[in-house]
Amino acid sequence: MSRLTVLSIALLALAAGSGLAAVDKDGPMAKISPELLALYDAYLAAQRRGIPFSASDPLVRVVDDRVIVDAVASGNVVDLETDLRALGMRGTVSAGRIVSGELPISAIGALANLQSLRFVRASASLTHGGTEGKSP
């Protein structure tokens, strides 16, 4: 079984038991990437239990109670940026149809309702560790 398949099954199990909307490829939560849905579910679970939240995915960049995301506009990028700021996004920057910034983890669920949003995922960054001073 591939890692993606295992991750998908785990995400479906988490979503089914957490009260999140069913992960449906055609439903409103389809706009939100699996890693953001898993982060949101873990955040809500920590809130319900009254325990401090700690992100477990090292590839998802979390700063305090915010996650760095890349959101793709379904139409006008200015409309998306306005909607994301209304949800509390800070440090917004846009390039083409993509808006990036720090979104409160608590606002991830509200993304499904944005008409201006086509898709959102955790921002990815590449590092080139160990390549300093070496030529390509």
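These exercises walk you through a predicted protein model, each with a worked solution.

Before you start, note that local features need pLDDT of at least 70, side-chain atom pairs count only at pLDDT 80 or more, and totals for chains, interfaces and linings use all residues. Residues are numbered from 1 along each chain as its sequence is written, and side-chain values use heavy atoms, with hydrogens and water left out.

**Exercise 1. The overall layout**

Task: Find how many helices and strands the protein has, and in what order they run.

Solution:
- Step 1. Helices (H or I, at least four residues) and strands (E, at least two) are DSSP runs, numbered from the N terminus.
- Step 2. Counting these runs gives three helices and five strands.
- Step 3. Starting at the N terminus, the order is α-α-β-β-α-β-β-β.
- Step 4. Now look at burial, where buried means under 20% relative accessible area, exposed over 50%, and partly exposed in between (1.4 Å probe, protein chains only). Of the 136 residues, 35% count as buried.

**Exercise 2. The nonpolar core**

Task: Work out which elements give two or more residues to the largest nonpolar core.

Solution:
- Step 1. A nonpolar core is a set of buried Ala, Val, Leu, Ile, Met, Phe, Trp, Tyr and Cys residues joined through side-chain atoms within 4.5 Å.
- Step 2. The largest such core has 27 residues, and those with the most contacts inside it are I32, L36, V67, L84, I108, L111 and V120.
- Step 3. Two or more residues come from each of α2, β2 (66-73), α3 (77-86), β4 (98-104) and β5 (117-122).
- Step 4. Helix α2 gives the most, with five residues.
- Step 5. For one member, list the contacts (heavy atoms within 4.5 Å). Leaving aside neighbours within four places in sequence, L84 is in contact with A71, M89, V99, L111 and L114.

**Exercise 3. The two sides of helix α3**

Task: Decide where the buried residues of α3 fall around its axis, and what they pack against.

Solution:
- Step 1. The buried residues in α3 are V77, L80, E81 and L84.
- Step 2. Viewed down the axis, these residues fall within an arc of 100°, so they line one face of the helix. The arc is that of the directions from the helix axis to the C-beta atoms.
- Step 3. The face turned away from the buried side carries the exposed residues V78 and A86.
- Step 4. The buried residues of α3 pack against β2, β3 (90-95), β4 and β5.
- Step 5. Finish with the ends of the helix. N76 caps the N-terminal end, with a side-chain oxygen 2.7 Å from the backbone nitrogen of V78. Just after α3, G88 has a positive phi of about 105°.

**Exercise 4. An aromatic pair**

Task: Say where the two rings of the aromatic pair sit and how they are arranged.

Solution:
- Step 1. Rings of Phe, Tyr and Trp (its six-membered ring) pair if their centres lie within 6.5 Å; planes under 30 degrees apart count as stacked, over 60 as edge-to-face and the rest as tilted.
- Step 2. Searching the whole structure turns up one aromatic pair.
- Step 3. Its members are Y43 and F53, 5.5 Å centre to centre with 75° between the planes, an edge-to-face arrangement.
- Step 4. Y43 belongs to helix α2 (residues 34-49), while F53 lies in the loop between α2 and β1 (62-63), ten residues apart.
- Step 5. Y43 counts as buried at 14% relative accessibility, whereas F53 is partly exposed at 23%.

**Exercise 5. Two buried polar residues**

Task: Find which side chain makes a polar contact with D70, and which with S116.

Solution:
- Step 1. A polar contact is a pair of N or O atoms within 3.5 Å; within protein, one must be able to donate a hydrogen and the other to accept it, and residues adjacent in sequence count only if both atoms are side-chain atoms.
- Step 2. D70 is in strand β2 and is buried, with a relative accessible area of 12%.
- Step 3. The side chains of D70 and S100 are joined by a polar contact of 2.5 Å.
- Step 4. S116 is in the loop between β4 and β5 and is buried too, at 10%.
- Step 5. The side chain of S116 makes a polar contact with the side chain of D83 (2.5 Å).
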